[in-house]
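Subject: A structure for you to look at

Hi,

Here is the structure I promised to pass on. Have a look at it first, and then read my notes underneath.

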Amino acid sequence: MPIKLENVGIAVRDLEAAIAFFTDLGLTVLGRQTVSGEWADTAVGLDGNHARIAMLQTPDGAGRLELFEYIHPDAIETGPTRPNEIGMHRVAFSVDDIGEALEVAAKHGCHPLRGVATYGDAYKLSYVRGPSGIIVMLAEDLTKG
């Protein structure tokens, strides 16, 4: 059976702040919508499901994020996840310049969990605590150009 990754969905506290963060990193907003109704209740498994959503795409067109902010039921705040917790872990992006990407993240109050690591001669990597506590991995490929 053929399968294709469609997108990664992330619930956020503030949709506009999350959109600003990811678009400043280089993603593009494909569309926005408010969803509700029986079909949404059935698909998501929540009665009275009502959310604002935005679909974002990476510049190469290969990756998509669906960000959603719940109107109803109320969003449930949890503590920020840690890298070793079971469940949804992080979203990762390749960047041309990790220093530049970290400057963009810092403008949104988002900073590395520890710093920038170098993996051999292959990558510079950093985990950043993004909007709504999302862990975002930024990776610069050192083998390119």
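Let me start with one residue, E103, which sits in helix 3, the stretch covering residues 98-107. E103 has a relative accessibility of 55%, so it counts as exposed, the cut-off for that being over 50%. E103 also has company: together with D96, D97 and E100 it forms a negative patch on the surface. Before you read too much into any of this, keep in mind that the model is a predicted one.

Now the overall picture. The protein has three helices and eight strands, and if you walk along the sequence you meet them in the order β-α-β-α-β-β-β-α-β-β-β. Its C-alpha trace spans about 50 × 35 × 30 Å along the principal axes. There are 145 residues, and 30% of them count as buried. The accessible surface adds up to about 9,300 Å², with 52% of that belonging to carbon and sulfur atoms.

How far apart in the sequence are residues that touch? Looking at contacts with a separation of 6 or more, 53% are between residues 24 or more positions apart.

You can see contacts at work around Q33, which is part of strand 2 (residues 28-36). Not counting neighbours within four places in sequence, Q33 is in contact with A51, R52 and I53. There is also a distance you can check yourself: from Q33 to M55 is 8.8 Å, C-alpha to C-alpha, with their positions 22 residues apart in sequence.

As for charges, the protein carries 12 positive and 20 negative ones, and the mean positions of the two groups are 5 Å apart.

Finally, two spots in the backbone to look up:

- The peptide bond going from H72 to P73 is cis, and its omega is near -10 degrees. P73 belongs to the loop that links strand 4 (64-72) with strand 5 (91-95).
- S132 is not a glycine, yet its phi is positive, at about 60 degrees. You will find S132 in the loop between strand 7 (123-129) and strand 8 (135-141). Is S132 exposed, partly exposed or buried? Its relative accessibility is 25%, so S132 counts as partly exposed, a class that lies between the 20% and 50% limits.

Happy browsing!

Conventions: Residues numbered from 1 in each chain as written. Predicted model: local features only at pLDDT ≥ 70, side-chain atom pairs only at ≥ 80, totals over all residues. Heavy atoms only, no water. Patch = residues over 30% accessible without salt bridge, like charges linked within 9 Å, V, L, I, M, F, W, Y side chains within 5 Å. Areas by Shrake-Rupley, 256 points an atom, 1.4 Å probe, with all protein chains shown as cover. Salt bridge = Lys/Arg side-chain N within 4 Å of Asp/Glu carboxyl O. Lys, Arg positive; Asp, Glu negative; His and termini not counted. Charge placed at Lys NZ, Arg CZ, Asp CG, Glu CD. Helix = DSSP H or I, 4+ residues; strand = E, 2+ residues; numbered from the N terminus. Buried < 20%, exposed > 50% of the residue type's maximum accessible area, 1.4 Å probe, protein only. Contact = heavy atoms within 4.5 Å.
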